[in-house]
Amino acid sequence: MMLHPAVTIHGQEEARRALAPGLPVVLLSAPGAGAWAGALWWRRLIDLLHVEFPGVSFADLLDCGDSPGAALAALRTGCRALVLARAVPAWPAVDALARTLGAELQALRPESLDLAMPGAERRLASWLRDTHGQLE
């Protein structure tokens, strides 16, 4: 269950822009990023952001697309919230492992503001304020 609005980020600069307003947010990776950018990249980015924005409340959600291998790698690197397509035959096994590790596996990407889209940055502050606490 998501308690804060989600913002799709594609890299460090977008992540910084998403956190700059200082409002609670879920940083959501680009679709399938767990498979093409990797879990280690994501963990390092999130760890860096925790250091750079110590007073900002944020969670992270890595999208592994349809790659159970990427999801398993993400769990091994410490990711605790993942998206994996439910149609993947290994979904039940990955979900069971995630639960034993205290992680959450979601079958669908949440609604989000994608900072790569034209005009998204102008809408960011209102997105964070207007949707705060309304997504589940």
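Reader: How many salt bridges does a search of the whole structure find?

Author: The model is a predicted one. Side chains of opposite charge can pair when their charged atoms come close. Searching the whole structure for such salt bridges gives a total of seven.

Reader: What separates glutamate 13 and arginine 16 along helix H1?

Author: The side chains of these two residues, glutamate 13 and arginine 16, form a salt bridge at 2.6 Å, N to O. Glutamate 13 is partly exposed, with 45% relative accessibility, and arginine 16 is also partly exposed, at 25%. Because they are three residues apart in helix H1, the separation is about one helical turn.

Reader: How far apart in sequence are the parts that glutamate 121 and arginine 17 tie together?

Author: A salt bridge of 3.0 Å, N to O, joins the side chains of glutamate 121 and arginine 17. Glutamate 121 is partly exposed at 47% relative accessible area, and arginine 17 is partly exposed at 30%. Since glutamate 121 belongs to helix H6 and arginine 17 to helix H1, the parts tied together are 104 residues apart in sequence.

Reader: Is aspartate 63 buried or exposed?

Author: Aspartate 63, in strand S3, pairs with arginine 109, in the loop between strand S5 (104-106) and strand S6 (112-114), and so ties together parts 46 residues apart in sequence. Their salt bridge spans 2.8 Å, N to O. Arginine 109 is partly exposed, at 27% relative accessibility. The cut-off for buried is under 20% relative accessible area, and aspartate 63, at 4%, therefore counts as buried.

Reader: Which residues do salt bridges that share partners join into one network?

Author: Glutamate 13 and arginine 16 have already appeared as a salt-bridged pair. Through shared partners, the network consists of Glu13, Arg16 and Glu52.

Reader: Which helix gives the most to the largest nonpolar core?

Author: The largest nonpolar core has 38 residues, and those touching the most other members are Val7, Ile9, Leu27, Leu49, Leu62 and Leu82. Elements that each supply at least two residues of this core include strand S1 (6-9), strand S2 (25-29), strand S3 (58-63) and helix H3 (39-52). With five residues, the element giving the most to this core is H3.

Reader: Which tryptophan is valine 7 in contact with, leaving aside its neighbours within four places in sequence?

Author: Valine 7 is one of the core members that touch the most others. Beyond those sequence neighbours, the contacts of valine 7 include Val25, Leu27, Leu113 and Leu128. The tryptophan among these contacts is Trp127.

How values were computed
Residues numbered from 1 in each chain as written. Predicted model: local features only at pLDDT ≥ 70, side-chain atom pairs only at ≥ 80, totals over all residues. Heavy atoms only, no water. Core = buried A, V, L, I, M, F, W, Y, C linked by side-chain atoms within 4.5 Å. Buried < 20%, exposed > 50% of the residue type's maximum accessible area, 1.4 Å probe, protein only. Helix = DSSP H or I, 4+ residues; strand = E, 2+ residues; numbered from the N terminus. Contact = heavy atoms within 4.5 Å. Salt bridge = Lys/Arg side-chain N within 4 Å of Asp/Glu carboxyl O.
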